[in-house]
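Let's take a walk through a protein structure together. Have the sequence and the 3D view at hand as you read.

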Amino acid sequence: MACFRGQFEGNNEIGVFAKLTNSYCITAIGQSENFYSMFESEVGDNIPVVHASIAGCGIIGRLCVGNRHGLLVPMTCSDPELQHLRNSLPDSVKVQRVDERLSALGNVIACNDYLALAHPDLDKETEEIAKDTLKVEVFRQTIAGHPLVGSYCQFNNKGGLVHSKTNKLALNELSSLLQVPLVAGTVNRGSDIIGGGLVVNDWSAFCGLTTTAPELSVIEGVFKLKELAAPIMGAKMRATIADP
């Protein structure tokens, strides 16, 4: 299974406290290691899992936005925090501070490795920095009428989940724009705040503990995680057998 449920200190909005991409994972610093350990055990063999804070806060998933090419952080990110991220992430990942009025970057930008959706009022300079750092095309959009695109959708390079009230026409337009299949749905037992309750890359997804079995099934399907589950389990079994 490539979809996992968890909490950050009793909070199911794990997308608020983590950022997951195809080249790194960042988690908030908590009272216990349980949250970090969940990511470390599932993706740590493939990508670095890094403890971090931004502006002294743990809500890193809402304050930054990134993909395998780069990471954008707000100006409130301190020099030591910025240096820690640059030292901890792969050399290929460019970490860039952005002077943006809409400073909760994870709420106002959503992206995969090729394309990004952005709040209609995002500063033009921020858009240009996103294009350069994340190596994406940027489209200003709303999701079901909401300008906080990062809060109401989540997509990887294979598919995406958007606010449950997104109508069929808008869904088709967004899908055509992003060039991946999209599904309107929920996480955490009916929550439309997809970005808050879910983080995903191309081979794994993590969502809140209250996410239901039908919601998990949709997540596994649209992000193409079911296709990966069998090979991954097969590889783990072979590794287990090979261990002396």
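We'll start with the overall picture and then visit a few individual residues.

What you see is a predicted model, in which local features need pLDDT of at least 70 and side-chain atom pairs count only at pLDDT 80 or more, while totals for chains, interfaces and linings use all residues. Residues are numbered from 1 along each chain as its sequence is written, and side-chain values use heavy atoms, with hydrogens and water left out.

The protein has 11 helices and 15 strands. Both are DSSP runs numbered from the N terminus, with at least four residues of H or I for a helix and at least two of E for a strand. Along its principal axes, the C-alpha atoms fill a box of roughly 55 × 45 × 30 Å. The radius of gyration is 17 Å, which agrees with the value near 18 Å for a compact globule of 244 residues. (That radius is taken over C-alpha atoms, and the globule rule is 2.2 Å times the number of residues to the power 0.38.)

How much of the protein is buried? Of its 244 residues, 53% count as buried. Here buried means under 20% relative accessible area, exposed means over 50%, and partly exposed is in between, using a 1.4 Å probe and protein chains only. As for contacts, meaning heavy atoms within 4.5 Å, take those with a separation of 6 or more: 59% of them come from residues 24 or more positions apart.

On the outside, the protein exposes about 10,800 Å², and carbon and sulfur atoms supply 53% of that. The areas come from the Shrake-Rupley method with a 1.4 Å probe; for residues, only the protein chains shown count as cover. There are 20 positive and 26 negative side chains, and the centres of the two sets lie 5 Å apart. Lys and Arg count as positive and Asp and Glu as negative, with His and the chain ends not counted; each charge is placed at NZ of Lys, CZ of Arg, CG of Asp or CD of Glu.

Now for the cysteines. A search of the whole structure finds zero disulfides, a disulfide being a pair of cysteine sulfur atoms within 2.5 Å. For Cys25, the nearest cysteine sulfur is that of Cys64, 10 Å away. Cys25 counts as buried because its relative accessibility is 0%. Why does Cys207 form no bond with Cys3? The two sulfurs are 4.1 Å apart, too far for a bond. Cys207 also counts as buried, at 0% relative accessibility.

Cys77 sits in the loop between β6 (70-74) and α4 (79-88). With a relative accessible area of 1%, Cys77 is buried. Leaving aside residues up to four places away in sequence, it touches Ile54, Ala55, Leu82 and Arg97.

One of those partners, Ala55, deserves a stop of its own. Most residues other than glycine have a negative phi. Ala55 has a positive phi of about 55 degrees although it is not a glycine. You'll find Ala55 in the loop between β4 (49-52) and α3 (60-63), and at 33% relative accessibility it counts as partly exposed.

Asn188 also has a positive phi, of about 50 degrees. Its place is in the loop between β13 (182-185) and α9 (194-197), and Asn188 is buried, with a relative accessible area of 9%.

Last comes helix α10 (residues 213-222), where Glu215, Leu216, Ile219, Glu220 and Val222 are buried. After α10 comes Lys224, whose phi is positive, near 60 degrees.
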